[in-house]
Amino acid sequence: MRIPAHSVCTAIRDDIVSGVYERGSRLTEEQLARRYGVSRVPVREALRTLESEGFVVTRRHAGAHVAEPTEQEAADLLEIRLLLEPLGAARAAQRRTEAHLKVLRGLVRLGQDRARRGQGEDLRSLGAWFHETLAQACGSPGLTALLTQLRHKTAWMYTVDQPVAPVESWAEHGAIVDAVARGDSERARALTALHAERAAAAHRLRRPERVRTSQHAVNIASVRN
């Protein structure tokens, strides 16, 4: 069975973000195909996608390498998020479905519960899920893809401190969902802009380091589902 390139792309991206491949390190098709248990064809396609996303650069006569973003590029990344996330929320207020609202409200309930209990690790994953769902609710595949890419790159370039007041942070999530549910695009935009600005202050530039953990090969069973 041929493994889709997007599954290979996700696996390579995850390993870049987690530091398995340090910045500037070379990525050969043979090495990657062996690591993920696939042929070189989906690896080649995945590298082209990752290059378009800014995770990989191709050097003449040297092949593909993990990109080495500058501090200015990292700063620009946060600024772009501050512009696009409010736009996504405003669009979500106009285009969200009831299914999106159900998921968002459920995540807010869980987030508020975990915040009161002080379960920080759960809050990280719930927060990522919340923002992913909000991006999907905007009804624009292009904007959703951009927001998803920005989150991946932010996780690669920055560490994020836990909110000083997680209960208040999740109250902000709840207010955004209320505005989206009412179809109030301007309030959704304003609340998301304020939330994103506060969240940006918790970002700390990640210093490149080698992480020696190993990921599993691409899971063929998950591709079939």
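Select Glu-71 and show what surrounds it: leaving aside residues up to four places away in sequence, Glu-71 touches Leu-205 and Arg-207. Keep in mind, here and at every later stop, that you are looking at a predicted model. Glu-71 belongs to helix 4, and with a relative accessible area of 51% Glu-71 is exposed, because the limit for that word is over 50%. If you now add Met-157 to the selection, you can draw a line from C-alpha to C-alpha that spans 9.0 Å, although Glu-71 and Met-157 are 86 residues apart in sequence.

**The sheet**

Next, hide the side chains and colour the strands, so that the sheet can be followed by its backbone. In which order do the three strands of the open sheet stand? The order is 1-3-2, and the pairing is antiparallel. Strand 1 (26-27) and strand 2 (56-59) stand at the edges, and because each has a single partner strand, one side of each is left without a neighbour in the sheet. As general background, the strands of a sheet pair through backbone hydrogen bonds, in either a parallel or an antiparallel way.

Zoom in on strand 1 and strand 3 (residues 63-66), which pair in the antiparallel sense over two bridges. Select Arg-26 and you will find His-65 of strand 3 standing opposite; select Leu-27 and the bridge partner in strand 3 is Ala-64. Then move to the pairing of strand 2 with strand 3, again antiparallel, which runs over four bridges, and where Arg-59 has Gly-63 of strand 3 as its bridge partner. The hairpin of these two strands has three residues between the strands, and in this hairpin His-61 takes a positive phi near 65°.

Before leaving the sheet, bring helix 3 (residues 40-53) into view, since this helix lies across strand 1, strand 2 and strand 3 and runs at about 105° to strand 2.

**Two helices in contact**

Now select helix 1 (residues 5-18) together with helix 7 (residues 141-157), and turn the model until you can see both axes, which come within 8 Å and cross at roughly 35°. Which residues make this contact? From helix 1 they are Arg-13, Ile-16 and Val-17, and from helix 7 they are His-152, Ala-155 and Trp-156. Sorted by class, the residues of this contact divide into four nonpolar, one polar and one charged.

**The enclosed space**

For the next stop, switch on a display of internal space. Rolling a probe the size of a water molecule over the atoms shows where empty space is left. When the whole structure is searched, one cavity of 30 Å³ or more is found, and the volume of the largest cavity is about 70 Å³. To see its lining, select Glu-85, Gly-88, Ala-89, His-131, Leu-134, Ala-135, Leu-147, Arg-151 and Thr-192. Helix 4 (71-95), helix 6 and helix 7 each supply at least two residues of this lining, which by class has four nonpolar, three polar and two charged residues.

Stay with two residues of that lining. Thr-192 lies in helix 9 (residues 185-200); is Thr-192 buried or exposed? Its relative accessible area is 4%, so Thr-192 is buried. Setting aside residues up to four places away in sequence, Thr-192 touches Glu-85, Pro-86, Ala-89 and Ile-176. Thr-192 and Glu-85 are 107 residues apart in sequence, yet their C-alpha atoms are 6.9 Å apart in space.

His-131, the other residue to select, has its place in helix 6 (residues 120-136). At 18% relative accessibility His-131 counts as buried, because buried means under 20%. Beyond residues up to four places away in sequence, His-131 touches Arg-151, His-173 and His-195.

**The largest pocket**

Keep His-131 selected for the last stop, because this residue also appears in the lining of the largest pocket. About 1000 Å³ of space lies in this pocket, and of the 37 residues that line it, Gly-127, His-131, Val-160, Ala-199 and His-203 lie nearest its centre. Colour helix 4, helix 6, helix 7, strand 4 (158-160), helix 8 (166-182) and helix 9, which are the elements that give two or more residues to the lining. Helix 6 provides the largest share, eight residues. By class, the pocket lining has 16 nonpolar, eleven polar and ten charged residues.

Technical notes. Residues numbered from 1 in each chain as written. Predicted model: local features only at pLDDT ≥ 70, side-chain atom pairs only at ≥ 80, totals over all residues. Heavy atoms only, no water. Pairing = 2+ DSSP bridges. Contact = heavy atoms within 4.5 Å. Axes fitted to C-alpha atoms, helices over the stretch in contact; angles between N-to-C directions. Nonpolar A, V, L, I, M, F, W, Y, C, P; charged D, E, K, R; others polar. Buried < 20%, exposed > 50% of the residue type's maximum accessible area, 1.4 Å probe, protein only. 1 Å grid on protein atoms, 1.4 Å probe; cavity = no way out; pocket = protein on both sides within 12 Å on 5 of 7 lines; lining within 4 Å. Points joined across faces, edges and corners; volume = space filled by probe spheres on them.
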